[in-house]
Amino acid sequence: MAFDERDVGRGDVIALRPPPNRFFPRPLGFLKVVRGVPGDVVTRDGRLFLVNGEPVGVAKSHAHNGEPLTPGPEGVIPPDHYFVWSPHPDSFDSRYADIGWIASDRILGRADRLL
């Protein structure tokens, strides 16, 4: 069965292919939580990101290797894009411009916890 982006909602854990970036040059998959869906509004107060006014997480200023990190996009999430996040403090996610909003064609599917 093909993946259908309508199956993705806020709070879902998804598997995705991140966009090409300087920290993960080889293809690999990420697991992230969807915190923003198309039409949601992403804002930033300093390095604190908010989705629809709800705090999501703080973006770090530098990576472990000392390279500066640019904050990710703000504004209305466009159609077929998602703000993804992970609770780990070092998560590389939509808080950073290198990842940004994830286009639906990069989503491999939902991930479900196995008990």
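How many bridges join strand S1 to S2? Four bridges do the job, linking S1 (residues 13–16) to S2 in an antiparallel run. That pairing is a good way into the rest of the fold.

## Before we start

This is a predicted model, so a little care went into what counts: local features need pLDDT of at least 70, side-chain atom pairs count only at pLDDT 80 or more, and totals for chains, interfaces and linings use all residues. Residues are numbered from 1 along each chain as its sequence is written, and side-chain values use heavy atoms, with hydrogens and water left out.

## The overall picture

The protein has zero helices and nine strands, giving the pattern β-β-β-β-β-β-β-β-β along the sequence. Helices here are DSSP runs of H or I with at least four residues, strands are runs of E with at least two, and both are numbered from the N terminus.

As for size, the C-alpha trace spans about 40 × 35 × 30 Å along its principal axes. The radius of gyration is 14 Å, which agrees with the value near 13 Å for a compact globule of 115 residues. That radius is taken over C-alpha atoms, and the globule rule is 2.2 Å times the number of residues to the power 0.38. Buried residues make up 39% of the 115 residues; buried means under 20% relative accessible area, exposed means over 50%, and partly exposed is in between (1.4 Å probe, protein chains only). Among contacts (heavy atoms within 4.5 Å) with a separation of 6 or more, 60% are between residues 24 or more positions apart.

## The five-stranded sheet

One open sheet has five strands in the order S8-S7-S2-S1-S9, with antiparallel pairing. Strand S8 (102–103) and strand S9 (107–111) stand at the edges with a single partner strand each, so one side of each is left without a neighbour in the sheet. Two strands count as paired if DSSP finds at least two bridges between them. Strands of a sheet pair through backbone hydrogen bonds, either parallel or antiparallel.

S2 (residues 30–36) also pairs with S7 (residues 81–85), antiparallel and over three bridges. Some partners can be picked out by name: valine 33 goes with tryptophan 85 in S7, and valine 34 with valine 84, also in S7. Over on S1, isoleucine 14 has lysine 32 of S2 as its bridge partner. S2 is mostly covered, with five of its seven residues buried.

## The four-stranded sheet

The other open sheet to look at has four strands, ordered S5-S4-S3-S6, again with antiparallel pairing. Its edge strands are S5 and S6, each pairing on one side only. S4 and S5 pair over four bridges in the antiparallel sense. Valine 51 is matched with glutamate 54 in S5, and phenylalanine 49 stands opposite glycine 57 in S5.

S4 and S5 form a hairpin with two residues between them. Proline 55 lies in strand S5 (residues 54–58). Leaving aside neighbours within four places in sequence, proline 55 is in contact with Arg35, Leu48, Phe49 and Leu50. Proline 55 is also 39 residues from serine 94 in sequence, and their C-alpha atoms are 13 Å apart in space.

## Two loop residues with positive phi

Which residue has a phi near 55°? Asparagine 52, and that is a positive value in a residue other than glycine. Asparagine 52 lies in the loop between strand S4 (48–51) and S5, and at 42% relative accessibility counts as partly exposed.

Aspartate 80 also has a positive phi, near 65°. Find aspartate 80 in the loop between strand S6 (75–76) and S7; this residue is partly exposed too, with a relative accessible area of 35%.

## The largest pocket

The largest pocket holds about 190 Å³ of space. On a 1 Å grid over the protein atoms alone, a pocket is an open set of points where a 1.4 Å probe fits, with protein on both sides within 12 Å along at least five of seven lines; lining residues have an atom within 4 Å of a point. Points are joined across faces, edges and corners, and the volume is the space filled by probe spheres set on them.

The lining includes Phe23, Phe24, Lys60, His62, Asp90 and Tyr96. By type, the lining residues divide into six nonpolar, four polar and two charged. Here Ala, Val, Leu, Ile, Met, Phe, Trp, Tyr, Cys and Pro count as nonpolar, Asp, Glu, Lys and Arg as charged, and the others, Gly among them, as polar.
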